[in-house]
Every structure is written in structure tokens, then in C-alpha cells.
Amino acid sequence: MPLAKPGNGKKVVLAMSGGVDSSAAAALLKEDGYEVVGCFMRLGSDDPDEIADGYDNLHRSHKGKDCALPILNAPHADAEEHRDEASGTPKKNKQGCCSVNDAADGRLVAAILGIPFYVVNFRKDFGRIMDYFVDEYNAGRTPNPCVRCNDWLKFGKLHDYAKSIDADYVASGHYAQIIRRTLKHGGGYPRASLARGVDRKKDQSYVLFGTPREQLDHTLLPIGHLQKSETRQIAEAHNLPVFNKPDSMEICFVPDNDYARLVERRTPGGFTRGNIIDTDGNVLGEHAGHQHFTLGQRRGLGIAAAAPLYVIDKDPATNTVTVGGKHDLQSTGCSAREVNWLAPPHAGWQACLAKARYNSEPVPAQCRLGVDERGQDTLEVRFDQPLQAVTPGQAVVCYEETPDGQEQIVLGGGWIDKAVSVQAGA
């Protein structure tokens, strides 16, 4: 009698974006014996063709509840309309990760693997992401909508949807891992832990730090132990035509990367001219709105100087943008709010590795949990060496290596509200 596979028939809702990562994850889950339900999340696309093509399939039942209906898996030729005629490879999508082309790719992969494919309409909920994005820029901060989307939708609403169909797990094609290991502090950690992906260049544990701790036991990350090249090989071995599909790099609702234009369009009259000043308060030039700038920006300042200048601060109250030298960007630490702590709490300062930007490596640091005057959790981080461009509005995530040094576990993180500059001497 053959051994039972790890999945043992348990139902898992897999977020399928139409890309190679979630497609390979679908193949691996099915091989492991799970009952896989592919789920494409319709988010911010305004493409009228998407509705005409039958993708707007979330209806109200007679009880008034949202009900996702399965999309019939179309013949392969149906999805070929969204592929390059010469090579057969997917065309570049019109928007980051939720376009009609992506939905067609997801549907095709599901057909090949023989799994059901659903589209759930989170478009109304996605408005919250866009509102957050705009509000943060107008408040002088630099938002990270991909993290918020994971928190609120992919590992928020999707878990609710999974419960509604009696699924045991939610899975995705993120490069991160769910493991069980003993931490150095707190006498061990009995629950599942979130850890960095094996492919450090693709690691996405940073964008998953906000996953509620209780959801980790019901989360699967099938490709977290793989290199990206291995993921593509698995997809190709299963004859999935997305095996060489390019990664989506842009924010899905800002496909042209012109963030300021989106913010200005959604806040008419919110952009006004102001001064660009140096650290001594001297006016060096004018800008068309502080929202056009991000911390650490060097190009496009519109002012000439003998030495390179960088945006080191923005003040929406006075509508000023402050520039300085690269050394002015250095911070010794930061404070964060909206903390999500996944590990056992630790009294006092704790050695860790900290990551303050998605595309940077964790650096040695100390972290400490606290409580503010409103009774809300806070997180303080001190870097062992000054760090460049620690940006309010971004997340800071803390890690701890397992005793064997094999994994880096996510302790938790929060949203940066203040960076401590080197000049402040903290």
C-alpha cells in the first residue's frame, strides 16, 4: 500500500496570479496530495474587457453574501489570445499582477493541472489599498502597498474566503517559508514560524511580516525552499507555458511608475508649489509638490550643486523638501507602530537582524518592544552600524537566526514612523 502524501486530501486555497511562482506552487501542492482550489483575486483593474470576458463573476447570493462562482476552464487556445504569436510566451501584462492577461494565464494553468479555478472580486476592498497609498504620500511618507495588500487581502480576505469553503489552508507563491524550529529566546515557539526564503535574492518574508500569528498554522508556502531557477524548471517540467513569464515589478495600479500623477489625480488641489531647502534652511529652489519626492532621491531635484544632493526630509505641514549630503541620510535607528509580533515577547533589548527596506539585506541590530500612551504596541530598533535612507512609511522587520544557523525566523515588525538620524546622536 503506497504511503499517504503530505496533503492527504486536505483542501487548500491557492492564490494564483497567473505567474510562474503560483503556478509551480499549484503543481507542487497537487503532487503532495492536496485538494487545490486556484483563486485569482480581481483587484484594481479597470479593464472593461475583463468584465466582458466573464471575469467579473462575484455575485450576490439570495442571502446577500458574496459568492464566487467557478470559471469554466477554457480550451488552451482561448488563452493563447493573450500570448505572443511567434513564441507562445505570455505577453507583457498591462498591469502588475491582476490584469485580464494574468487571469487568462491562471485559468490555462489550472486547466492543464486539472484543478478548479475561481475569481474572487476584491476590487471594492482594493480601494482601501489605493486610499492608503494616496494618504501616505500626502502625509509625507513613502507607502508600501504590496505589504498592505498581503495583510488586508491575500492573507486577510483570502483566509476568510478559505473558511467559507471549508479549506484547511491558504497558500501562495511567495519566497518565504513556514517552519517549526526552536528560537533562542522565550523557551521555544510551539507554533509555525515565518522564515526567509532559501533564495535570498527573491526572499519575500519582509512583505509577509503582517500575517496574523494565528494564520501561520493554516498557511502553506510551497516554493519557499526553492531557488527561482528551480521554480521555473518545475513549471516547465509540468508543461506550464508560464515557465518563462517575466516577473512583475511595478505596483499593479501604477503600471507606468508615475506615483505622483496617481496621487494628484485622486487628490485634486492637493499639490502646491513649495521650497526646496538645505539643512540650514536656505532656499535652493522650488518644487511642484512634496509628493513628487521620496527619501534618498537624488535625480530630478531640479537644482544644481557642486556636490550630489539627496532628499533627506519632507514636511507636508510647510510643504518643504530638505536636501543634504549622503551622510545626512544615515540613521542609527528607528521607531515603529502598528506592530505585528510573531515570536514570544522578550523583555528589554534583544539582538536581531533588521531589515528596513524590501530590497536590502537584514543588518545586525537590537530591538525592543514597548507600549505608547494609547496602549498600542511599539517597536524600537537600533542598528549596529548607521543605515542609509530609513524611511517613514516603510516597514522594519526583525529576524533571528535559529540555533543551527540554517534559518532566519521573522520575529515581527512594524511601520516606521520616525528615523533617528546620526546627527541626533541616539
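# Notebook: cysteines, sheet and helix packing

**Entry 1, disulfides.** I searched the whole structure for disulfides and got zero. Worth noting up front: this is a predicted model. I wanted to know why cysteine 352 has no bond to its closest cysteine sulfur. That sulfur belongs to cysteine 367 and sits 3.7 Å away, which is too far for a bond; my cut-off for a disulfide is a sulfur pair within 2.5 Å. Then I checked cysteine 398, whose closest cysteine sulfur is the one in cysteine 352, at 4.1 Å, again too far for a bond. Next I asked whether these residues are buried or exposed. Cysteine 352 has 8% relative accessibility, so I put it down as buried. Cysteine 398 comes out at 0%, so it is buried as well.

**Entry 2, overall numbers.** I counted secondary structure for the protein and got eight helices and 19 strands. Of the 426 residues, 52% are buried. The exposed area is about 20,000 Å², with carbon and sulfur atoms supplying 49% of it. I also looked at contacts with a separation of 6 or more: 67% of them join residues 24 or more positions apart.

**Entry 3, a five-stranded sheet.** I traced an open sheet of five strands with parallel pairing, and its order reads E5-E2-E1-E6-E9. Which strands stand at the edges? They are E5 (117-121) and E9 (219-220); each has a single partner strand, so one side of each has no neighbour in the sheet. Further in, I looked at E1 (residues 11-15) against E6 (residues 169-171), and the two pair in the parallel sense over three bridges. Leucine 14 is opposite alanine 171 of E6. I then looked for what packs on this sheet and found helix H6 (residues 145-164), which touches E1, E2 (35-42), E5, E6 and E9. The direction of H6 makes about 140 degrees with that of E6.

**Entry 4, tyrosine 169.** I picked a residue in strand E6, tyrosine 169. Its relative accessibility is 16%, so it counts as buried. What does tyrosine 169 touch, leaving aside neighbours within four places in sequence? I listed Lys10, Lys11, Val12, Val13, Tyr34, Ala162, Asp217, His218, Thr219 and Leu220. I also took a C-alpha to C-alpha distance from tyrosine 169 to valine 36: 9.7 Å in space, with the two positions 133 residues apart in sequence terms.

**Entry 5, valine 119.** For the edge strand E5 I chose valine 119. At 1% relative accessibility, valine 119 is buried. I checked its C-alpha against that of methionine 16 and got 9.5 Å, for a pair 103 residues apart along the chain.

**Entry 6, H5 against H8.** Last, a helix pair. I reminded myself that two packed helices are described by the angle between their axes and the distance between the axes. For H5 (residues 123-138) and H8 (residues 259-266), the axes come within 10 Å and cross at roughly 100 degrees. I therefore logged H5 as roughly perpendicular to H8. Which residues make the contact? On the H5 side I have Met130, Asp131, Phe133, Val134, Tyr137 and Asn138. On the H8 side I have Tyr259, Leu262, Val263 and Arg266.

Key
Residues are numbered from 1 along each chain as its sequence is written. This is a predicted model: local features need pLDDT of at least 70, side-chain atom pairs count only at pLDDT 80 or more; totals for chains, interfaces and linings use all residues. Side-chain values use heavy atoms; hydrogens and water are left out. Buried means under 20% relative accessible area, exposed over 50%, partly exposed in between (1.4 Å probe, protein chains only). Contact means heavy atoms within 4.5 Å. Accessible areas come from the Shrake-Rupley method with a 1.4 Å probe; for residues, only the protein chains shown count as cover. Two strands pair if DSSP finds at least two bridges between them. Axes are lines fitted to C-alpha atoms, for helices over the stretch in contact, and angles run from 0 to 180 degrees between N-to-C directions. Angles under 35 degrees count as roughly parallel, over 145 as roughly antiparallel, 65 to 115 as roughly perpendicular and the rest as oblique.
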